[in-house]
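Here are some short exercises on charged side chains, each with a worked solution. Have a look at the model, then work through them with us.

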Amino acid sequence: MMQPHSSLTASRWMTLSAVSAAVLLSACTSTPLPPWTSAPTATPGTVTTAPKSQGPAPVHIPGVSNPGVISTPVETTPLQAVPLSVWQESPEVAARFPDPATPYSTPGLTNGRTTFTSNAELGQMLRQVAAAPAGGTKAELITAGTSQEGTPIHALLLTRAAGTSLHDLDASGRPTVLLIGQQHGDEPAGSEALLAMAQSLAQGPLGPLLDKLNVLLVPRANPDGAASGRRTTSNGIDMNRDHLLLQTPEADALAKLSRNYRPVAVFDSHEFTVAGRYLEKFQAVQRYDALLQTPTTANTHEFVGKAANEWYLLPMQKALTDQGMSTNWYYTTTKKADDLTLSMGGVRPDTGRNVYALKNAPSLLIETRGVGIGRAHIQRRVHSHVVALTSALQTTAQRAKELEQVRAFVARDVASQACRGQFTLESQQTTEKRRIVFLDPQTGEDRPQEVDWKSSVKLQPGESRARPCGYWLSTNAGEAADKLRALGLQVLRVAEPGNMLADTYQEVERSSSAKNDVLGPSSRSVERVKVQLQRIAIDVPEGSYYVPLNQPMANLAIAALEPDTQSSFFANHIITGLSDVARSMNNPSLVYDETD
């Protein structure tokens, strides 16, 4: 334990190592890893085919009608169902996607509705659910934040702990799972599914799972986009590319929920385009019910990836196929008409899936067949999400102890790497051939095609760099310090002038370019820079910041602060100068403000 410096007031102290992360780690220095056993299921990405004319077998999970749930709009402009695009679904294609045997009940799924659940209806339903939990369940409705247009971002906590406070959750010994819906406003099925699951967890057949875990649901992360049927937030940012930079209040709200509730696993519900670019490029439409992807970014801890792939993905895939639904890896394609490549989800540390993995939580992207087809097959789309997410909750309940062991081990292991070893600056996708099954847009028959496939499973590692002991940030980097804290990182404020041995970044080349991801270039630009490292002694002024790397989420700090990547704070103008950040190459003897 660090002792206060004798010449300082009680609000300041001296550290020779790099602060209180070491205290956190001392509690888990003997944490064993659990036996690593995987579910005996199919290989991820295996093509599975559902019957053409028979619906899936009944499943006794959420979806039963509840007469207490509101079913009429309570605001004048409810969320609109985006109409079908130019392509009109044929009866033969529609026959491939029968509804589940048991319908789901939310305001937006009411028979005769032409719109999805509005933001006001969503809040009202969550208040109803929170007011009447059963079976010893406790519920708390949380306002996680406010959208850019002033709409509350609602979260619902469900638990059978002694209470809903963070202290009570920790004392219960149960892990918390975070479920997120509708980051993209034109993808409503996830939101409707989470409303149905909230009802079932609080009052229905999923309730017994709360004996083993806590569940935190955010049914609609992007209420403004949902209200207008728009993918992005009001300022035009794709919030699922904003989990590192936190340039939207919506992503900031999710980051702070994660920081406060420390979920052991995170699941993110989306929908993918059915026709659109696929009809244009392949003269076919999408076949799969659900596309799934686990974390795929540099410096994800091996055991976080193994837990996501072996403990969560494989049982989830089996649960879907057992219900007669087809699955594959998630993929997309660019907007260029002559680009016939299919690409898995990105490998940069900007999406929720990848950022949560750098926070040491196994995470999965769940995408269902929905964008561009309005309300078509909405019950089946919701069913796909409910089946997948129910599998995720069941896995967590079954492996609660093992997941906590993995989290403790990974936290200790990541923090122990400070000042030694190397990390990968960025990784790249690799290209291979892959067989994908589409549907004929008229006959509904399977149309297999061999495609060029950019894999995010098999990554090509890029440049490696020595891992520092920490990062120094200048007094100009207050915004960066605030964002790092919001992400859950420890950031210390220097109380008295000092010095340290540091690697500084010397600019070699610079350019501005469009921000690029698997969908192609965006309208936003980034500052790309090539650097060389120069090791010198630097002065550390009072009021500057220090980010130690002997903390569990050190790899997230690396993603934000190494300047020569597209996702970094420097590339995205949060840190404005290369002289505002440096790599500490020893454990500095500095005095910090205790309040930080």
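**Exercise 1.** Is Arg-241 buried or exposed?

*Solution.* Start with the ground rules: the model is predicted, local features need pLDDT of at least 70, side-chain atom pairs count only at pLDDT 80 or more, and totals for chains, interfaces and linings use all residues. Residues are numbered from 1 along each chain as its sequence is written, and side-chain values use heavy atoms, with hydrogens and water left out.

Next, apply the cut-offs: buried means under 20% relative accessible area, exposed over 50%, and partly exposed in between (1.4 Å probe, protein chains only). Arg-241 has a relative accessible area of 18%, so this residue is buried.

Finally, look at the partner. Arg-241 forms a salt bridge with Asp-238, the closest N and O atoms being 3.6 Å apart; the term means a side-chain nitrogen of Lys or Arg within 4 Å of a carboxyl oxygen of Asp or Glu. Asp-238 is buried too, at 13% relative accessibility.

**Exercise 2.** Find the residue that forms a salt bridge with Asp-211, and compare how accessible the two are.

*Solution.* The partner is Arg-160, with 3.1 Å between the closest N and O atoms. The two residues are 51 apart and link distant parts of the chain. Asp-211 is partly exposed at 41%, whereas Arg-160 is buried at 18%.

**Exercise 3.** Which residues share a salt-bridge network with Glu-463 and Arg-465?

*Solution.* Begin with the pair: the side chains of Glu-463 and Arg-465 meet at 3.1 Å, N to O. Shared partners then join them with Asp-503, Arg-535, Glu-562, Asp-564 and Arg-583 in one network. Within this network, Arg-465 is buried at 5% relative accessibility.

Terms used. Helix = DSSP H or I, 4+ residues; strand = E, 2+ residues; numbered from the N terminus.
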